[in-house]
Amino acid sequence: MGILDRYIGRQVFTSSIYAIAVIIIILVLGNVFKEILKELAKRPDLSLWFVLKFIVLVIPISLSLAVPFSFLTAILLTFGRLSADSEFIAMRMAGQGMGRICLPVWMLAAFFTGICGWINLSVTPAAKSEMEGMKDTLINMAKRDPLMLFPDQQVMDDLPDHL
């Protein structure tokens, strides 16, 4: 790999990592506000451990969306900056073809495809099954402290077909 390959690859990779972080934060906060706040409204005595565990389990599910979006964003940002600074013209004048210029991006695309495949095939199903197990955790918490099921001054409708 030449200097040009490392330069373009580093630009796309670092932009991808920053974009993954931003998109993950947005997606996780959206899920937290949608799901956990609903549970906290019903049961204000949920532990911090339960909330943190939910956040950790939502991250792999969000990664399956965040990685492709962030890689696309990174490509657009990097090549837009290279075009704005007339670096593409310099590369073309040096005799580099577009296929050769895009080689590090193709290699990163293969890397991120492998990461997405691993996340979607092994990590996300495990996280979803663990989230289903968290419902059992609520049942176990109710077995330890049955009064937790009964919210104050409200009708309890958490159990199916029962009020």
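A contact here means heavy atoms within 4.5 Å. Keep that in mind for the warm-up; the model is a predicted one.

**Exercise 1.** Work out what kind of fold you're looking at, starting from the secondary structure of the protein chain.

*Solution.* Start with the elements: there are five helices and zero strands. Read from the N terminus, they run α-α-α-α-α. Next, take the contacts with a separation of 6 or more: 75% of them join residues 24 or more positions apart. Finally, check burial: of the 163 residues in the protein chain, 33% are buried.

**Exercise 2.** Classify the ring pair F71 and F112, and say where its two members sit.

*Solution.* First, recall that two numbers do the job: a pair of aromatic rings is described by the distance of the centres and the angle of the planes. By the pairing rule, the count comes to five aromatic pairs. For F71 and F112, the centres are 5.2 Å apart, and the planes meet at 55°. Stacked needs under 30 degrees and edge-to-face over 60, so 55° makes this pair tilted. Now place the rings: F71 belongs to helix α2 (residues 48-84) and F112 to helix α5 (residues 103-144), 41 residues apart, so the pair links distant parts of the chain. Last step, burial: the cut-off is under 20% relative accessible area, so F71 at 11% is buried, and F112 at 6% is buried too.

**Exercise 3.** Do likewise for F79 and F88.

*Solution.* The ring centres lie 5.4 Å apart, with the planes at 10°, so F79 and F88 are stacked. Both F79 and F88 are buried.

Notes:
Residues are numbered from 1 along each chain as its sequence is written. This is a predicted model: local features need pLDDT of at least 70, side-chain atom pairs count only at pLDDT 80 or more; totals for chains, interfaces and linings use all residues. Side-chain values use heavy atoms; hydrogens and water are left out. Rings of Phe, Tyr and Trp (its six-membered ring) pair if their centres lie within 6.5 Å; planes under 30 degrees apart count as stacked, over 60 as edge-to-face and the rest as tilted. Helices (H or I, at least four residues) and strands (E, at least two) are DSSP runs, numbered from the N terminus. Buried means under 20% relative accessible area, exposed over 50%, partly exposed in between (1.4 Å probe, protein chains only).
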